[in-house]
Amino acid sequence: MPTTVRRTAAAVAALTLLAACSPADSGGRTTLTIATFGEFGYAPLIAEYEKLHPDITVQNRVTDFDTHHKGLATQLATGRGAADVVAIEEQYIPQYRKAKDKFTDLASFGARDLERQWAPWKWAQGTDGDFVLGLGTDMGSLALCYRRDLFQAADLPTDRDEVAKLIPDWPAYAAVADRFTRKTPGVKFADSAGTVYTAMLNQSPENYFSQRDDSFIADTNPSVRTAFDLAGGIAAKGQTAAATTFTQAWNVAIKQGSFATVACPAWMLSQIKEAGGDANKGKWDVTTVPGKSGNQGGSFLTVPKQGSHQKEAYELARWLTAPEQEKKLFLSDGILPSEPSVYEDPQVVAHTDPYFGDAPTGKIFAASADRLRPNYRGLHDADVRPEFGRALGRIEDKTQNVDQAWAQAVQQARALLK
Amino acid sequence: MRTRFARFDRKVTPLLLVAPFFGLFAVFGAYPLLYTAWVSLHDWNLLEGGQGRLGLANYGELLADPHFYNALANTVSIFLLAAVPEFLLALGIAALLDRPLRAATWWRTGILLPNVVSVVAIGLVFGQLFSRDYGVVNEVLGWFGIAPVNWQASTWTSHLAVASMVLWRWTGYNALIYLAAMQAVPSDLYEAAELDGASRWRTFWSITVPGIRPAIAFTAVAGTVNGLQLFAEPQLFDAGGSGATGGNDRQFQTLVMYLYEKGFTQFNAGYAAALTWVMFVVCALFALVNYRLVRRFVRAA
């Protein structure tokens, strides 16, 4: 009897151990998990990586943007559950850089030798002094996506070079919005005030926080107020569809053609395609963004310390962010790499997109990336940023005018930082 | 020997039998509760952990926080907008179902259906129904010449919309509980009332409702706790995404949404923990008040 008990206990213990190990090591193969959000286009690359490394299986966990970043915070806090390789979007990077003791210093695997692959500002975003937190994936250099058919209906030029000349900067954008609305009052000119505002704001080197000492400067920095007034003005005139990117309303608005322009980072093109479907093919076109360049979005691959295969995880991240793979991602999914050698590649520059009327997206985004000036993100950027977005939303809701919305945004941002 | 074992058995076995409950309660009930209390006394960042002891400072800050009172008022308002019609409707439906019906089981299962549907699905569907530009509700209002309402934009309209989701989801559930209780009301009381010539209405209020008082008290308490923990419906109703602020001016941010915003958007776990404990007290108070109200109201009837 007692031996049976002992045997059972041993078996249970062994099973528990097995259960604890099985997700990581099944049949001598190492399983790596990689957690991403939205569309990274990694599926074919992962298959290729597995073929190159027969001893490694890679599982891709994809969740939506918010769930991904909030989940990561919980996983790091509790010390378990994070994937071996985790993508972090640039607006969350300052927050996670503060908790860098939870991440592996990629420099310890020799990541610093790779520095020259990336645009210098991108490399700087993912590092903290000598500590290498993450390897850059894509970037969101900006263009302007517009509806050719709606421009025609409003007697505006439709050729992409002429549109670029018509809208060289944001004041011109607002003026064209007025012209557009006079001709076709039933259609909105922009998707949301927030998109216009963000695109404008990202063109200035500093926004809410000072680069010098990370102090709050939103209320004194003229670029913030200018962007807010212009975007708020468009909203107050009812020229936006009030549809936030990524939401259901935005998808419906794209499908129904409710708005004519959207400042689009490279990664947004595939979302427009998906929301618009075949019915809208050829109606959209891409041209230079007002103000010529800007960056919105772009991620990093990091390796949390809690993983049990950090070296292998780093190898995977390094391979996925290597120029050859980044180039494949651009050609297949239009995801713009943050590596100059790739966006200057002749094949990338020559790339056109049939969905967008054969627009030379490679040339447009590469030019935008070249002119790009990085902007500083404060430690509390992700806390403060939404307050201004919601303020613009209140103008779109018609519950406040521009000045009231501005005053409340500044006051609430200050209260948050207290 | 035998009797001593029997005595031991009689003493210890019952304890052993109930021990699993206390074990589970200690692990999943008491421990998180106490740990939350501990966290609430600290400056606690979700990522970086404890940053030093604060004492009751989190609570002090919370009690001076206008967003907290806004969330509390929203929660109570949505709760009342949903609960009052919910309980009356549930009573009515239960009374209808309590009569001899053809295909009674079909009806009874049918009214529970909304409760079985995933709350996420309900949120998404209602979010579409109440959408400003493409929503069915505005479409129907348009037939009567009413201009489209931006349901998310103002306090009252958003509260009505969220309350309608809660109402839809919980009415059938409550009705089934009332129905079960109604079937246990002794039938001789009804026969006596009929002999006395009481009307159907009078019978309902004087016999049925007092007869199911424990069920009403149960739903009042359970409904209060549920109502004050409202999260998924308003969260999914937020057209601006999932910032957990419940609209651009926090017009339908509930207490749990505020808790989520503090804890998981701003990573301020200490503050969120303090909010949890304040919510615990608020829930207890509301449940007590409701229980008292129900007792008095039903006794008076």
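Author: An angle here is taken between N-to-C directions and runs from 0 to 180 degrees, each axis being a line fitted to C-alpha atoms. The model is predicted.

Reader: At about what angle does helix H12 of chain A run to S10(A)?

Author: Helix H12 of chain A covers residues 268–276 and lies across S8, S10 and S11 of chain A. Its direction is compared with that of one of these strands, S10(A), and the angle is about 145°.

Reader: Which strands of chain A stand at the edges of the sheet, each with a single partner strand?

Author: The sheet is open, has 4 strands and mixed pairing, and follows the order S9-S10-S8-S11 in chain A. An edge strand has a single partner, so one side of it is left without a neighbour in the sheet. In chain A this applies to strand S9 (188–190) and strand S11 (284–287).

Reader: By how many degrees are neighbouring strands of this sheet turned against each other on average?

Author: Direction is ignored for this value, so that DSSP strands are compared only as lines. The average turn between neighbouring strands is 20°.

Reader: Which residue in S10(A) stands opposite A:Leu142?

Author: Strand S8 (residues 142–147) and strand S10 (residues 259–265) of chain A run antiparallel and are joined by 5 bridges. A:Leu142 belongs to S8 by its number, and opposite it in S10(A) stands A:Pro265.

Reader: Which strands of chain A does helix H8 of chain A touch?

Author: Helix H8 spans residues 170–183 of chain A and packs on the sheet. Its direction makes about 170° with that of S9(A). The strands of chain A that H8 touches are S8, S9 and S10.

Reader: About how much area do chain B and chain A bury between them?

Author: In the contact, 28 residues of chain B meet 32 residues of chain A. Carbon and sulfur atoms carry 49% of the buried area. The area buried between the two chains is about 2300 Å².

Reader: Which residues in chain B lose the most area to chain A?

Author: Three residues together account for 30% of what the side of chain B buries. They are B:Leu47, B:Tyr134 and B:Asn248.

Reader: Which element of chain B gives the most to the side that touches chain A?

Author: The interface of chain B and chain A has 9 residue pairs in polar contact. One element gives 5 residues to the side of chain B: helix H12 (residues 255–265) of chain B.

Reader: How many salt bridges are there between chain B and chain A?

Author: In one salt bridge, the side chains of B:Arg250 and A:Glu387 meet at 3.4 Å, N to O. In another, the closest N and O atoms of A:Lys98 and B:Glu48 are 4.0 Å apart. A:Lys98 lies in helix H4 (residues 93–98) of chain A and B:Glu48 in the loop between strands S1 (42–45) and S2 (49–53) of chain B, so this pair joins two chains. The count between chain B and chain A is 3.

Reader: Which residue in S2(B) is the bridge partner of B:Trp44?

Author: S1(B) and S2(B) run antiparallel and are joined by 3 bridges. A hairpin connects them through 3 residues. The partner of B:Trp44 in S2(B) is B:Gly50.

Reader: How far apart are the axes of helix H9 and helix H10 of chain B?

Author: B:Val209, B:Pro210 and B:Gly211 in H9(B) meet B:Arg213, B:Pro214 and B:Ile216 in H10(B). By class, this contact has 4 nonpolar, 1 polar and 1 charged residues. The helices, H9 (residues 200–211) and H10 (residues 213–228), pack at about 60°, and the distance between their axes is 5 Å.

Key
Residues are numbered from 1 along each chain as its sequence is written. Chains are lettered from A and ligands numbered from 1 in the order in which they are written. This is a predicted model: local features need pLDDT of at least 70, side-chain atom pairs count only at pLDDT 80 or more; totals for chains, interfaces and linings use all residues. Side-chain values use heavy atoms; hydrogens and water are left out. Two strands pair if DSSP finds at least two bridges between them. Contact means heavy atoms within 4.5 Å. Buried area is the accessible area (1.4 Å probe) that two parts lose on being put together, summed over both. A polar contact is a pair of N or O atoms within 3.5 Å; within protein, one must be able to donate a hydrogen and the other to accept it, and residues adjacent in sequence count only if both atoms are side-chain atoms. Ala, Val, Leu, Ile, Met, Phe, Trp, Tyr, Cys and Pro count as nonpolar, Asp, Glu, Lys and Arg as charged, and the others, Gly among them, as polar.
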